[in-house]
Amino acid sequence: MAQHAAVAATAPAGSGKDKGVTAVDVRLAGDLVRTRLVLDLTATVEMRVFTLADPYRVVVDVAGLDFNLPATAGHHGRGLITAFRYGQVGPGKARLVLEVREPVSVDKSFVLDAIDEQPARLVIDLVPTDRTSFLRSAEVPSSRVDPMAAIRNATAEPGTAAESKPPEAKLSETKPPKADSPARSRLPVVVIDPGHGGIDTGANAPGGGVSEKTVVLEVALMLRDRLEKGGRVNVVMTRTEDVFVPLGERVRIARRNEAALFLSIHADSIRARDGIASGASVYTLSEKASDAEAERLAESENKADLIAGVNLQEEAEDVADILIDLVQRETKSFSAHFAHTLVGEIRPTARMHRTPLKSAGFKVLKAPDVPSVLLELGFMSNRQELRQITSVAWRTKVTEAIADAIERFVAMRTAGGRTPK
């Protein structure tokens, strides 16, 4: 991944960055010679602009910004910008990712104060350049790379030196505090991972209005409450709000907490031309997908880091082999055991997919020493199933079934139970 040095544009001190600034409108202007993005704001902000290569992108980080933009914002481009995405990547930190059709240079980036009836505005001007110029300021990694350092530094923020701050500090806002109760702290840890979040919406229901990131977070929080009420496990969440957490960091959260189990929750969607699909599925890690559907889903989920402006494709090639090699047979067996237990508990309460047990190369399941499973609640592209997934009554039954499966599995592990090899 190549990246340019950051281009900073800051507003004067006391400009209102802590007053809850909102982006209320956005527009693109210009052509292939010069393209301008203008973001209308309720107050001035501080921003940081940098570029990423392969694919070419311009990333704008803004402190203390919320978005209230039209529903179609970013779907269509103009000039050098083909499309853009936006959302929260952490508490108090928003990001726009501008997808560009060719190498570009950030000619201007500035923030204008409100004047008369005109709002405050954030402006980015892009002009074309050649690839050599685009990459000239990029950091060139050493050919002698410590593979474990690649794992530790995979979530280093763009535009910063990876060694300047460890991943734990960079993403500390995504690590829930451990429980204060000494008794609870001695309980087995179960990590619940609501998929997607922030700028990465995941699947969307037909016609929009409901996104996967919201559905799975609501289910995950309900599951957390049920497990905490049961008092048999100590629950750690990878996120409790609408923020983006890189896939590698989700795995690290499980390993840092020495989790007895990692459960990632998602909701699938397929294109209309592929027909109607329904039912929940449970996935375990495999180097080779169990079917074409599993391979498609794993590929789309693994691109989540790219959506947030951080391309971790290099991790998929360089680190995945290391992680897979480190996965112990016992961990894989425990994962498979829990997957069977989970399907057995859910089946009486919810519709299951015709082949509910699957395997695929999900990055989020690659903790070498933590049994890990990914649950697809169902298909948001199926209107009938969408109504179920968003129903409180359905969620209550399903979270109860999931919690029962978790408690059975953890009890077996803490009792010294072993699974067939």
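**Entry 1: the E9–E10 loop**

I started with Asp-116 and found it in the loop between strands E9 and E10. Helices (H or I, at least four residues) and strands (E, at least two) are DSSP runs, numbered from the N terminus. The model is predicted, so I note that local features need pLDDT of at least 70 and side-chain atom pairs pLDDT 80 or more, while totals for chains, interfaces and linings use all residues. Residues are numbered from 1 along each chain as its sequence is written, and side-chain values use heavy atoms, with hydrogens and water left out.

Asp-116 is not a glycine, yet its phi is positive, about 55 degrees. Its relative accessibility is 78%, so I enter Asp-116 as exposed; the cut-offs are under 20% relative accessible area for buried, over 50% for exposed and partly exposed in between, with a 1.4 Å probe and protein chains only.

I then looked at Asp-113, which is placed in the loop between E9 and E10. Asp-113 is partly exposed, at 48% relative accessible area. What does Asp-113 touch, not counting residues up to four places away in sequence? I listed Thr-44, Pro-119 and Ala-120, where contact means heavy atoms within 4.5 Å. Thr-44 and Asp-113 are 69 residues apart along the chain, and their C-alpha atoms are separated by 6.1 Å.

**Entry 2: the sheet**

I traced an open sheet of 5 strands with mixed pairing, in the order E6-E2-E3-E10-E9. Two strands pair if DSSP finds at least two bridges between them. E6 (65-67) and E9 are the edge strands; each has a single partner strand, so one side of each lacks a neighbour in the sheet. Direction ignored, neighbouring strands of this sheet are turned by 30 degrees against each other on average.

I went through the pairs next. E2 (residues 21-30) and E3 run antiparallel, joined by 7 bridges, and Gly-30 has Thr-35 in E3 as its bridge partner. E3 (residues 35-41) is antiparallel to E10 over 7 bridges; here Asp-40 is partnered by Arg-121 in E10. E9 (residues 104-112) also pairs with E10 in the antiparallel sense, over 8 bridges, with Ser-109 opposite Ile-124 in E10.

Is E10 (residues 120-128) mostly covered or mostly uncovered? I noted 7 of its 9 residues as buried, which makes it mostly covered.

**Entry 3: a cis bond**

I checked the peptide bond from Asp-54 to Pro-55 and found it cis, with omega near 5 degrees. Pro-55 sits in the loop between strand E4 (47-52) and strand E5 (57-63). For reference, most residues other than glycine have a negative phi, and most peptide bonds are trans.

**Entry 4: H6 and what follows**

Helix H6 (residues 247-256) has 8 of its 10 residues buried. I listed the buried ones: Leu-247, Gly-248, Glu-249, Arg-250, Val-251, Arg-252, Ile-253 and Ala-254. Glu-258 follows H6 and belongs to the loop between H6 and strand E13 (261-268). The phi of Glu-258 is near 50 degrees, positive in a residue other than glycine. Glu-258 is exposed, with a relative accessible area of 69%.

**Entry 5: the cores and the H5–H13 packing**

I looked up the largest nonpolar core, which has 43 residues. Such a core is a set of buried Ala, Val, Leu, Ile, Met, Phe, Trp, Tyr and Cys residues joined through side-chain atoms within 4.5 Å. Which members touch the most other members of this core? They are Ile-192, Leu-223, Leu-263, Phe-338, Leu-342, Ile-402 and Ile-406. Helix H13 (residues 392-414) gives the most to this core, 10 residues. Apart from this core I found another, of 33 residues, including Leu-41, Val-62, Ala-94 and Val-104.

I took Leu-223 as a sample: beyond its neighbours within four places in sequence, it contacts Ile-192, Leu-263, Ile-265, Thr-399, Ile-402, Ala-403 and Ile-406.

Leu-223 is also one of the H5 residues that meet H13. The H5 side of this contact includes Val-215, Val-219, Met-222 and Leu-227, and the H13 side includes Arg-395, Thr-399, Ile-402 and Ile-406.

H5 (residues 212-230) packs against H13 at an angle of about 55 degrees, with the axes 9 Å apart. I therefore enter H5 as oblique to H13. Axes are lines fitted to C-alpha atoms, for helices over the stretch in contact, and angles run from 0 to 180 degrees between N-to-C directions. Angles under 35 degrees count as roughly parallel, over 145 as roughly antiparallel, 65 to 115 as roughly perpendicular and the rest as oblique.
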